[in-house]
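Colleague: Could you take me through one part of this model up close? Pick a spot in the loops or helices and tell me what sits around it, with some context for the rest of the chain.

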Amino acid sequence: MRQTLRLTGAELRRLLKCKKTYLLICINILSVALGYSGFLKKTFGVYLFSDFSSAGMSYIIYPFCLGGLLGSLIGGAGLILEANRNKKNAILGMVKTYAKEERISTARLLSHIVIVTGTYILSAAVYLPVVMVKTEYLFDFRLYLLYTFISMLPGILITLLLCEGLYLISKSVTVSLIVMVLLTVAQFTPFIENNVFFRWNAPQFIEVSDAFGSFGIVRFQLYTRVILLCAFIAFYMLSRFFVREYQFGFLRSLGIHCKRPLKYIPVILFAGLATILVIKEPFIDHSPVREWSMDNTYEEMPYQGEALKMETDVSFNTLLGTLSGRFEADMKEITDDDLQFCIHSGIDVKKVTLDGEALAYETDYDYEDNDNLNLAKQKGVIHTGGKKSGKLVIEYGGYPAISNSIYQKDGYTFYSSIGPDYIKLESETLVPEFRGLMQDESSYYINVPSDHVPTSWGYVMEKVSENPDGTVKWKTDGYAPEIISAPYRVDSIAYPDLDTVFEYGNRYKNLVEENHMDDAVSDVMNFCDSHYGKLKGSADANSICIQQISNDYSGGGAGYGWVYMNEAFMSPKALHDKNAGGNLNETFMHEIIHLFWGYMGCWLDDDGLWSAEGLTVYTTYRIIKEKYGELYAKKYYVDRWMEEVRHQNNNFYFRHPEYLDRLPESYRANITESEQTINKYSRMPLMLLAAEKKLGGEKAMDDVLKQLYENGGAFGTVENPTTFQDFLDVSGLTKEDLEIE
């Protein structure tokens, strides 16, 4: 060990005196800057990631992943050439008289690890001010360090282990470089590209949260990096078996090393550790992979009995992402000897008692119900031993897992997440779900960090008490809740008849105030109410809640007065969306309008031209015209629509679609996507403007849209959407009346 450290120091001093070392360091640092190139992001970004809607993806993860990928190739090639230096200079025999080649290899590897670690630290320091400026109010130093580390350093370290091992086995620069490049390229094949465990020097991200921190993704990525490091260390230790001894060849040298039992210990240790980590990983459940269909529905559970009162108390470890809960039920009646329930995968039942007496139970994946399989649920059975009443207590806890079926199909998507700045749990994650069990009264208590504002189905829970550990206990009653807890700000919105609130992350406070987003909500709701009708789907609710949720959950939805949208609709990308207006809050207004055209209001058919997007853009224009005046609306809406449609009409492939089939698929897809975008965001609004003129003005147009809205229904209308022909029938117009030249 002492000799290895001396050799490492000598090798490190030699490298630091070499000009090529500093050249490689500078190239690696500059390669991060390539991630800020719009051309490269558009051309190659799809091979690394799924989306760039968040500032974290655009300005931290992608640049540092690209820097890490290029840095691993540069560093790996440099290490292979350094490993071949003694052989190339014909001094290998002389060097081996001073120290064993294995120790020389370890020293070389360690010295390169020190250099690439220093390179990462320099890169993080150099780009820190750049990221702070780019991300503005969304910057978080903790996340910056975590994201840059995960994106860059482990991949380079793994590559160094691989390259040193490849050279020790092959003793060939060419073979080592080819294998390294082939393994790197293999990560982008369909079989591997969505599998986090195999993305060794090009980590795969789907999306991250700016406002709330994606600590679930951070844990998952760190865990996979540890697994890969263990596996590649095992590979490197195994490669030392191939070090040539006594000028023997490949096989005979291998035979000599295999006779030394101590050499097996590190290989077995690291390979075993990697294997155990894979088997015990908590992030993806081990259910069978099955196809999931929207047609799958829950079967009605037979009547199981009645509980007079149910109480659930749940606490969280936000660092590890785990929960621990206690469920109590005063059972008035149990109809059978077995009580059936379901619970989220990864949440383990620890103990079950009835009146203090322990009961037998088991949990397993539901092999008959595809819906349960794909939504990461387990089926549980409690054997009551013939008892028909008493106090039932279930203690449980664990890490909410991702469905294996969903992971294999779409990659990792975090439906449940527990972190310092964000907690999101479905009902069956929070508490065991007993279908078919009647209940008179149910209360749910959660203990969350003191700066959190927890909500149940979007509505703020009731604060109960402050706990000695610094957390706060909150309560909600009724059915099992959908919990979202974060450091929210809760603004009351002026809206007649219904209490309306807007909940958003603390980091957006200044942005919301500067861009009058609370007023924008009122403007949208009041305009649509007066022109089209009251918001549907809120009749059974006594309030409306508009809630920002994490990017970890894609999209959004609405129901019974609760409207949730992921933070992408307030992201820097969305706020500067040219399709949504000149003011920052116009994009936000556009999304709120979708409550009426889509979501909770009238669901529209999308035929490539007629769509909810086009009608929402037109409605945004009408609100902006009323708010900022006709000249403003014409400049930022009508003139831009006309310019884009004019550009589309002049496009050769738009005028001659028969030639599209002769283009390569990638070009054809880009042209088609551009055409659909212009159709939805420019051509259709112009058609609606033409309809307005044909009908005799805005009032007549509003009467037509009001009829569409009233007849369109809410919820359940996806299967019978409002079509373009419906609009023509109600308005009495023809397609020819609305053609745009």
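**A close look at Lys171 and its setting**

Modeller: Let's start wide: the chain has 741 residues, and 54% of them count as buried. Keep in mind that this is a predicted model. The secondary structure comes to 25 helices and 22 strands. About 33,700 Å² of the chain is exposed, with carbon and sulfur atoms supplying 58% of that area. If you take contacts between residues at least 6 apart in sequence, 74% of them join residues at least 24 apart.

Now the spot I'd zoom in on, Lys171. You'll find Lys171 in the loop between helix H8 (141-170) and helix H9 (173-186). Its phi is near 55°, which is a positive value in a residue other than glycine. Is Lys171 buried or exposed? Its relative accessibility is 13%, under the 20% cut-off, so Lys171 counts as buried. As for company, leaving out residues up to four places away in sequence, Lys171 touches Lys87, Glu101, Leu166 and Arg244. Of those, Glu101 falls within helix H7, which spans residues 101-135, and Leu166 falls within H8 (141-170).

For a counterpart, try Asp355. Asp355 also has phi near 55°, again a positive value in a residue other than glycine. This one is in the loop between strand E4 (347-354) and strand E5 (357-358). Asp355 has a relative accessible area of 51%, so it counts as exposed. Put side by side, Lys171 is buried, whereas Asp355 is exposed.

Back to H7, since Glu101 led us there. Helix H2 (residues 19-33) packs with H7 at an angle of about 40°, their axes 10 Å apart. The two helices are therefore oblique to each other, and H2 passes H7 in a right-handed crossing. On the H2 side, the contact is made by Thr21, Ile25, Asn28, Ile29, Leu30, Val32 and Ala33, which meet Ile115, Thr119, Leu122, Ser123 and Tyr127 of H7. Sorted by class, that contact has eight nonpolar and four polar residues, and no charged ones.

H8 leads to another residue worth a look, Phe215. Phe215 is found in helix H10 (residues 215-239), and at 12% relative accessibility it counts as buried. Not counting residues up to four places away in sequence, Phe215 touches Arg142, Leu143 and Leu146, which fall within H8 (141-170). Gly419, Pro420 and Asp421 are also touched by Phe215. There's a long-range pairing here as well: Phe215 and Gly321 are 106 residues apart along the chain, yet their C-alpha atoms are separated by 8.1 Å.

One more helix pair, for contrast with H2 and H7. Helix H20 (residues 612-628) and helix H21 (residues 630-649) pack at an angle of about 155°, with axes 7 Å apart. That makes H20 roughly antiparallel to H21. From H20, Val617, Thr620, Tyr621, Ile624, Lys625 and Tyr628 meet Glu630, Tyr632, Ala633, Tyr637, Val638 and Trp641 in H21. By class, this contact has nine nonpolar residues, one polar and two charged, while the contact of H2 with H7 has no charged residues.

Technical notes:
Residues numbered from 1 in each chain as written. Predicted model: local features only at pLDDT ≥ 70, side-chain atom pairs only at ≥ 80, totals over all residues. Heavy atoms only, no water. Axes fitted to C-alpha atoms, helices over the stretch in contact; angles between N-to-C directions. Helix = DSSP H or I, 4+ residues; strand = E, 2+ residues; numbered from the N terminus. Parallel < 35°, antiparallel > 145°, perpendicular 65-115°, else oblique. Left-handed = near helix turned anticlockwise from the far one by under 90°. Contact = heavy atoms within 4.5 Å. Nonpolar A, V, L, I, M, F, W, Y, C, P; charged D, E, K, R; others polar. Buried < 20%, exposed > 50% of the residue type's maximum accessible area, 1.4 Å probe, protein only. Areas by Shrake-Rupley, 256 points an atom, 1.4 Å probe, with all protein chains shown as cover.
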